[in-house]
Amino acid sequence: MAVASLQCYPLLNSPPVSFPGSLSARTPVRRRTGQATRSQLRRCYCSQSTERRSPDNSPPQLERLFSNVNQATMKHEPGSVIGSILLVAGTTVGAGILAIPAVTQEAGFLASAVTCIFCWMHMVVTGLLVAEVNVNTMCELGSGGVSLVSMAKRTQGTFGVRTACFSYLFIHYALLVAYVARSSDIITNSLGIPLWESATLFSLAFGGLCYFGSQRVIGAVNGFLVFSIIASFTTLVVAASGNIQWSSLLETNFAAAPQSIPIIALSFVYQNVVPVLCTNLEGDLPKVRKAIVLGTAIPLALFLIWDAVILGTIPGLAGSETITDPLQQLRSSNGIVGPIVEAFSFLAIGTSYIGFVLGLSDFIADLLKLPSGQNKPLTYLVTLLPPLVLSLLDPEIFFKALDFAGTYGVLVLFGVFPAAMSWSERYSDELEAPISPIVPGGKVTLSFVMGGALLVIFSEIFKDILQLQGLN
C-alpha cells in the first residue's frame, strides 16, 4: 500500500502544510480552525502521493475529504458510485409504489405524471441540500459518519435537534413497521408459516445483512435486489399491458392531483441514506450528486410506467367519486399477475428496508454518541426490535403507518428541514460553509422548497380538520 500524503492548502495566506503517513479509517482532511466569530477556514485537498500533482505547485482539485480504510487489510476502499446509485434507487423503490395507483386514480395519468415529476424534482433538491450540509458538518467536526442530529444541532440549535430527532425516528420506525408487516404477510402466504416466524425471519435476514455485511457485500446484495426488481417489474408490465386502453391515459382531473402529493413524496424518500452516501463516497460531492440524481431517476421512470400500466388497464377512474384499489382489481382480472405482484412487492420492500436500517442505525449511533464506523449490537437492536414487535401487535398496520408517515413526517423532515438547515448555514453570521453550494438559486430556491412543502402540510391539516368536523 502506497503511503498517503495529505496536502493542506489554506484559504488564508499561509504556506501549505503536509501531513505524511498512512490514512486511518475516515481520516478527516478538511476542518475549520481559528477562534474568530466567522471561523478562519483552511481548505485541505487530499491526494495520494503516487498520483499526478498539478503543475506550478497549484492546489490539486478536491477529490475527497477523507479515506475509508479497511481496518483488517489497511487498504483504501473508496465507495462505489454505481453501488451508491443502486442504494438510492433501492431505498426509494419501496412500499410507496404499491399505493401510487390508488391515490392517483382520481387525478388520472397525465395529472399524476406531472405531480410525480414535480415531487421528484423537489425531493432531488432536498437530498442535495442534505448532502451539502452533511459535508460541511463533516468539515467542521473533522469526522465522517455525521447524521442528521449533528447537522441539526449545528444549523438549527436545540429546537432543531428535537424536531429532527422526533420526525426522523417517527418516519423510520413507522415505515420499518410497515415494511415488516407487509413482507411477513407475503412470506406467510407463500410458505404457509406463522406470521411471527415470517416477521422474525425477514428481520433477521435483512437486518443481519446490514449488521455483518461490508459495504461491498451490502452493495452487491442490494444491486442484485434492484436488478431483480427491474426484472419482476418488466415481467409485470408485460403481463398487464396487454389490456391497456390508451384513451384511459388521457383522462385527467388536475383538481384531484394535490391530494396524492403526500404518498408520492413518501415514495421518493431516500434522504435518510444521504449521510451514508457522503461517508461511503468520502465527501466527494460530484459523486454524491450523481448518485442522487441517477438513483432517483430510476424510481421516477418505474413510478410513471407503473402508474400508466395500472390506470391504463382500468378505464373510467379519473374523476370518479368511488375510490377503489386498482391493483386489487388487476389481480382479480388477471390470474398470472398476483404472484408477480407479490414478488415485486417483496423485492421493493427488501431494498427499502436495507436503506432505512442503514440510515436509522447511523442516526441512533450518532444520537448515542457511539464511535463512527463501528457496528454496535445496541444500535441494531434498537433499530430492528421495535418495528418487529409493533408489526406483530397489529398486522394490519401497513397502510396506517404508510399514510400517516407520508402526510406529515416526510414533508416536515425531508421537505422543510433540509432547506431550513441550508438557509442557516449559508446566511447565518455564526456559521461558515467551507463547500460551495451545489444547489443554485440562493434564497429563491430555498424559499420555494420550504414554501411548497409547508403549503401541502397546512392543506392536509385543514382537510383533516374539516373531516373531523364532518364526523361530529
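A patch, as I use the word here, is made of residues with over 30% relative accessible area and no salt bridge, and nonpolar side chains are joined into one within 5 Å. The model is a predicted one. With that in place, the surface comes first.

Leu 367, Leu 368, Leu 378, Leu 381, Leu 385, Val 389, Leu 390 and Leu 393 make up a nonpolar patch on the surface. Together these residues have about 710 Å² of accessible area. Which helix gives the largest share of the patch? That is helix H12, residues 377–393, with 6 residues. Leu 393 is found in this helix, and its relative accessible area is 67%, so Leu 393 counts as exposed.

Now the overall numbers. The protein has 14 helices and 4 strands. Of its 472 residues, 54% are buried. The protein exposes about 20500 Å², and carbon and sulfur atoms supply 64% of that area. Among contacts with a separation of 6 or more, 79% are between residues 24 or more positions apart.

Next, the interior. The largest nonpolar core holds 110 residues. The members that touch the most other members are Leu 148, Phe 268, Ile 292, Trp 306, Tyr 353, Ile 354 and Leu 413. A second, separate core has 5 residues, including Ala 113, Leu 249, Ala 308 and Leu 311.

To take one residue from the largest core, Tyr 353 touches Leu 176, Tyr 179, Val 180, Phe 202, Ser 203, Phe 206, Gly 207 and Leu 384, leaving aside residues up to four places away in sequence. Ala 199 also touches Val 180, along with Ser 184, Leu 388, Ser 391 and Leu 392, under that sequence exclusion of up to four places. Ala 199 lies in helix H5, residues 195–212, and at a relative accessible area of 0% it is buried. From Ala 199 to Tyr 179 is 20 residues in sequence and 9.7 Å in space, C-alpha to C-alpha.

A second buried site is Thr 104, in helix H2, residues 96–104. Its relative accessibility is 0%, so Thr 104 counts as buried. The Thr 104 side chain makes a polar contact of 2.9 Å with the side chain of Asp 307. Beyond residues up to four places away in sequence, Thr 104 touches Ser 112, Ser 260, Ile 264, Asp 307 and Leu 311. Leu 311 is one of the residues in the second core.

Last, the charged pairs. How many salt bridges does a search of the whole structure find? The search finds 5. One of them joins Glu 132 and Arg 426, with the closest N and O atoms 3.1 Å apart. Glu 132 lies in helix H3, residues 109–141, and Arg 426 in helix H13, residues 398–427, so this pair ties together parts 294 residues apart in sequence. Glu 132 and Arg 426 are both buried.

Arg 182 takes part in a salt bridge with Asp 185, the closest N and O atoms being 3.2 Å apart. These two both lie in helix H4, residues 148–191, 3 residues apart, which is about one turn of the helix. Asp 185 is partly exposed at 31% relative accessibility, whereas Arg 182 is buried at 13%. Arg 182 also meets Glu 342 in a salt bridge of 3.2 Å, N to O. That pair links distant parts of the chain, helix H4 and helix H11, residues 337–367, with the two positions 160 residues apart. Glu 342 is buried, as is Arg 182. Finally, Glu 140, Arg 154 and Glu 425 are linked in a network of salt bridges.

Note on methods:
Residues are numbered from 1 along each chain as its sequence is written. This is a predicted model: local features need pLDDT of at least 70, side-chain atom pairs count only at pLDDT 80 or more; totals for chains, interfaces and linings use all residues. Side-chain values use heavy atoms; hydrogens and water are left out. Patches are made of residues with over 30% relative accessible area and no salt bridge: like charges are joined within 9 Å, nonpolar side chains (Val, Leu, Ile, Met, Phe, Trp, Tyr) within 5 Å. Accessible areas come from the Shrake-Rupley method with a 1.4 Å probe; for residues, only the protein chains shown count as cover. A salt bridge is a side-chain nitrogen of Lys or Arg within 4 Å of a carboxyl oxygen of Asp or Glu. Buried means under 20% relative accessible area, exposed over 50%, partly exposed in between (1.4 Å probe, protein chains only). A polar contact is a pair of N or O atoms within 3.5 Å; within protein, one must be able to donate a hydrogen and the other to accept it, and residues adjacent in sequence count only if both atoms are side-chain atoms. Contact means heavy atoms within 4.5 Å. A nonpolar core is a set of buried Ala, Val, Leu, Ile, Met, Phe, Trp, Tyr and Cys residues joined through side-chain atoms within 4.5 Å.
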